[in-house]
Amino acid sequence: MTMSTLSPAEQQSLVEAARRARENAYAPYSNFLVGAAVLDEHGRIHAGCNVENAAYPEGLCAEAGALSAMVLNGGRRARAIAVAGAGAAWITPCGGCRQKLREFCDEDTPIFTANEHGLGPTYTLKQLLPASFGPEHLSKP
Ligand code: THU
């Protein structure tokens with residue numbers, strides 16, 4: 001799948017789902033609320049938010065939650081991802097989440113950044129995780 005296969009309406013729905021998910025984020029330690037949404041190969045949107053806890057490193061990123069929801073519901077490929085924060089600093093997935101996304105994305109899968117007002121830069125997975133390790137290295141399709 002390439003960026004051009006995503007309609008403007010699909011992109012808008014995806015970004016709005018990420019923004020809505022952000023409103024439910026549980027981040028009392030960082031106060032940094034993040035929402036994410038994944039559009040799967042069936043055209044369905046799965047959302048997630050960051051969920052922190054008192055043992056700080058054990059928190060979950062929004063992207064991990066969205067991917068988990070996709071897999072739970074039978075989705076296996078991500079056609080596009082949206083990550084929503086607030087304010088001027090566009091949020092891109094952390095290193096660990098880039099690898100998690102790698103499992104379910106193609107190299108040209110778009111990752112949209114957004115805040116409450118609009119869209120920020122769009123990246124492909126390959127831009128965020130070049131020369132990456134993936135399932136094919138383990139002879140998986
Ligand atoms: N976080 C995400 O959920 N996704 C990102 O893409 C970047 C960071 C979360 C993790 C933590 O709960 C908080 O943001 C601050 O790092």
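Let's start at Arg79, which is buried, with a relative accessible area of 12%. The structure you are looking at is a predicted model, and this arginine is a good place to begin a tour of its charged pairs.

**Salt bridges**

The side chain of Arg79 meets that of Glu10 in a salt bridge, at 3.1 Å from N to O. Glu10 sits in helix H1 and Arg79 in strand E3 (residues 78-84), so the pair links distant parts of the chain, 69 residues apart. Unlike its buried partner, Glu10 is partly exposed, with a relative accessible area of 24%.

How many salt bridges does a search of the whole structure find? There are four, and three of them, including the pair just described, are set out here.

| Acidic residue | Arginine | N to O distance |
|---|---|---|
| Glu10 | Arg79 | 3.1 Å |
| Asp106 | Arg77 | 2.7 Å |
| Glu136 | Arg102 | 2.6 Å |

The Asp106 and Arg77 pair also links distant parts of the chain, 29 residues apart. Asp106 belongs to the loop between helix H3 (95-102) and strand E4 (110-114), while Arg77 belongs to the loop between helix H2 (62-72) and E3. Both ends are partly exposed: Asp106 has a relative accessible area of 31% and Arg77 one of 33%.

In the remaining pair of the table, Glu136 lies in the segment after helix H4 (125-128) and Arg102 in helix H3, so parts that are 34 residues apart in sequence are tied together. Arg102 is buried, with a relative accessible area of 12%, whereas Glu136 is partly exposed at 45%.

**Around the ligand**

Now let's turn to the ligand. Its shell has seven nonpolar, three polar and two charged residues; among them are Phe32, Ile91, Pro93, Ser30 and Thr92. Which distances separate polar side-chain atoms of Glu52 and Glu63 from an oxygen atom of the ligand? The distance is 2.5 Å for Glu52 and 2.5 Å for Glu63. For Asn50, a polar side-chain atom lies 3.0 Å from a ligand oxygen. Taken alone, the ligand exposes 370 Å², and the protein buries 77% of that.

**On the surface**

Elsewhere, Tyr26, Tyr29, Val51, Tyr56 and Leu60 make a nonpolar surface patch of about 550 Å². Tyr26 is found in the loop between helix H1 (8-22) and strand E1 (35-40), and counts as partly exposed at 45% relative accessibility.

One last stop is Thr122, in strand E5 (residues 119-124). This threonine is partly exposed, at 31% relative accessibility. Thr122 and Phe112 are 10 residues apart in sequence, and their C-alpha atoms are 4.6 Å apart in space.

Notes
Residues numbered from 1 in each chain as written. Predicted model: local features only at pLDDT ≥ 70, side-chain atom pairs only at ≥ 80, totals over all residues. Heavy atoms only, no water. Patch = residues over 30% accessible without salt bridge, like charges linked within 9 Å, V, L, I, M, F, W, Y side chains within 5 Å. Areas by Shrake-Rupley, 256 points an atom, 1.4 Å probe, with all protein chains shown as cover. Helix = DSSP H or I, 4+ residues; strand = E, 2+ residues; numbered from the N terminus. Buried < 20%, exposed > 50% of the residue type's maximum accessible area, 1.4 Å probe, protein only. Near = heavy atom within 4 Å. Polar contact = N/O pair within 3.5 Å; in protein donor to acceptor, adjacent residues only side chain to side chain. Nonpolar A, V, L, I, M, F, W, Y, C, P; charged D, E, K, R; others polar.
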